[in-house]
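User: I've got this protein open on my screen and I'd like to go through how some of its labels are justified. Can you take my questions one at a time?

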Amino acid sequence: AMQWVVGGLAAPVTYALARPVTRWAFLAGLIVAFDPTLVGSASLLLSETLAVTVLTALWCVGLRLATGRGSWRQWASAALLASLCVYARESLLVLIAALLLALIVMRRDARTAAGAAGVGLVVLVALLPWAWRNQRVLGQWCWLTTRGGISLYDGVRPGATGASDLAEVKDVPAVRGLSEVEWDAYFRNAAYTAIREEPGRVLGLIPVKWARTWSPMLNAAEYASPGMRIIFALWYVPLYLAVVTGCIVRRRSAATVVL
């Protein structure tokens with residue numbers, strides 16, 4: 001039930017994000033409210049649901065920081081939301097860094113630079129209890145996750161197709177009996193070895209992963225029926241076209257287009 005509530009909150013947050021940009025902000029909220037992927041994932045215990053809502057809220061604050069002087073309350077809200085984003089999905093750290101860099105480039109003043117540095121510091125401090133816990137439990141300071149190694153290996157392993165397939169990888173004899181940290185290190189080293197030995201093959205996976213990420217239809221085999229593919233294509237192709245159109249129409253607003 002909490003997943004439904006958190007997923008549903010993405011719609012009014014998107015409305016708040018769009019209000020400074022267009023008088024049709026309610027349409028943006030409705031698009032998110034009826035988004036088939038978000039509706040489906042909100043019924044599952046997935047961290048993506050929380051991450052999407054919190055990230056949208058962060059961008060809502062970020063747009064105001066990009067277009068105004070930025071009060072301490074807005075910077076404090078950005079720091080809190082950024083910390084929640086990293087705890088929900090550690091990979092969002094990349095988007096947070098991109099947001100802070102964009103704010104600094106767009107505003108070009110000491111106040112914004114100091115605010116961005118403050119947000120980064122708060123995120124670091126917020127991760128300290130987690131890193132300390134890992135040091136006590138695992139015997140090693142780990143600021144994000146011990147699943148980064150196997151995720152990297154999943155993407156570049158020999159025979160990788162762009163899809164995720166960890167069913168057999170997790171049970172290879174070489175990792176039996178290893179600690180969590182050793183397990184992570186094993187797969188990370190195996191991933192680096194695969195990249196060094198076949199750089200051309202790994203580079204060839206980039207367009208494959210890109211196409212899967214932006215595919216208007218779901219990649220999962222259980223949703224590959226013609227009916228499901230048509231439904232998702234009818235939803236996402238017009239949405240992608242609307243995004244491109246919006247960027248063209250609002251091209252004079254750097255903050256809107258860049259963010």
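Analyst: Sure. Let's start with the largest cavity, which has a volume of about 40 Å³. Keep in mind that this is a predicted model.

User: What makes that space a cavity and not a pocket?

Analyst: A pocket is open, whereas in a cavity a 1.4 Å probe fits but cannot get out. The structure holds 1 cavity of 30 Å³ or more, and its volume of about 40 Å³ sits above that cut-off.

User: Which residues line the largest cavity?

Analyst: The lining is made of Leu58, Gly62, Leu65, Trp75, Ala78, Ile96, Leu99, Leu100, Leu103 and Val119. A residue counts as lining if it has an atom within 4 Å of a cavity point.

User: Which helix gives the largest share of that lining?

Analyst: That's H6, with 4 residues. H4, helix H5 (72-88) and H6 (93-107) each supply at least two.

User: Thr56 also caught my eye. Why is Thr56 called buried?

Analyst: Its relative accessibility is 15%, and buried means under 20%, so Thr56 makes the cut. Thr56 lies in helix H4, residues 47-67.

User: What does Thr56 touch, leaving aside its neighbours within four places in sequence?

Analyst: Val13, Thr14 and Leu17. Contact here means heavy atoms within 4.5 Å, and those three residues meet that test with Thr56.

User: And Arg108, why does Arg108 count as exposed?

Analyst: Exposed needs over 50%; Arg108 has 71% relative accessibility, so the label fits. You'll find Arg108 in the loop between H6 and helix H7 (110-138).

User: What is notable about phi of Arg108?

Analyst: Phi is near 55 degrees, a positive value in a residue other than glycine.

User: Zooming out, how do you know what kinds of elements the protein has?

Analyst: The count is 12 helices and 0 strands, so every element in the run from the N terminus on is an α. A helix has to be at least four residues long to be counted.

User: How much of the protein counts as buried?

Analyst: Of the 259 residues, 31% do, again by the under 20% rule. The accessible surface comes to about 15,800 Å², and 68% of that belongs to carbon and sulfur atoms.

User: Last one: where do the charges sit relative to each other?

Analyst: There are 24 positive and 14 negative charges, and their mean positions are 17 Å apart. Lys and Arg are counted as positive, Asp and Glu as negative, and His is left out.

How values were computed: Residues numbered from 1 in each chain as written. Predicted model: local features only at pLDDT ≥ 70, side-chain atom pairs only at ≥ 80, totals over all residues. Heavy atoms only, no water. Buried < 20%, exposed > 50% of the residue type's maximum accessible area, 1.4 Å probe, protein only. Areas by Shrake-Rupley, 256 points an atom, 1.4 Å probe, with all protein chains shown as cover. Charge placed at Lys NZ, Arg CZ, Asp CG, Glu CD. 1 Å grid on protein atoms, 1.4 Å probe; cavity = no way out; pocket = protein on both sides within 12 Å on 5 of 7 lines; lining within 4 Å. Points joined across faces, edges and corners; volume = space filled by probe spheres on them.
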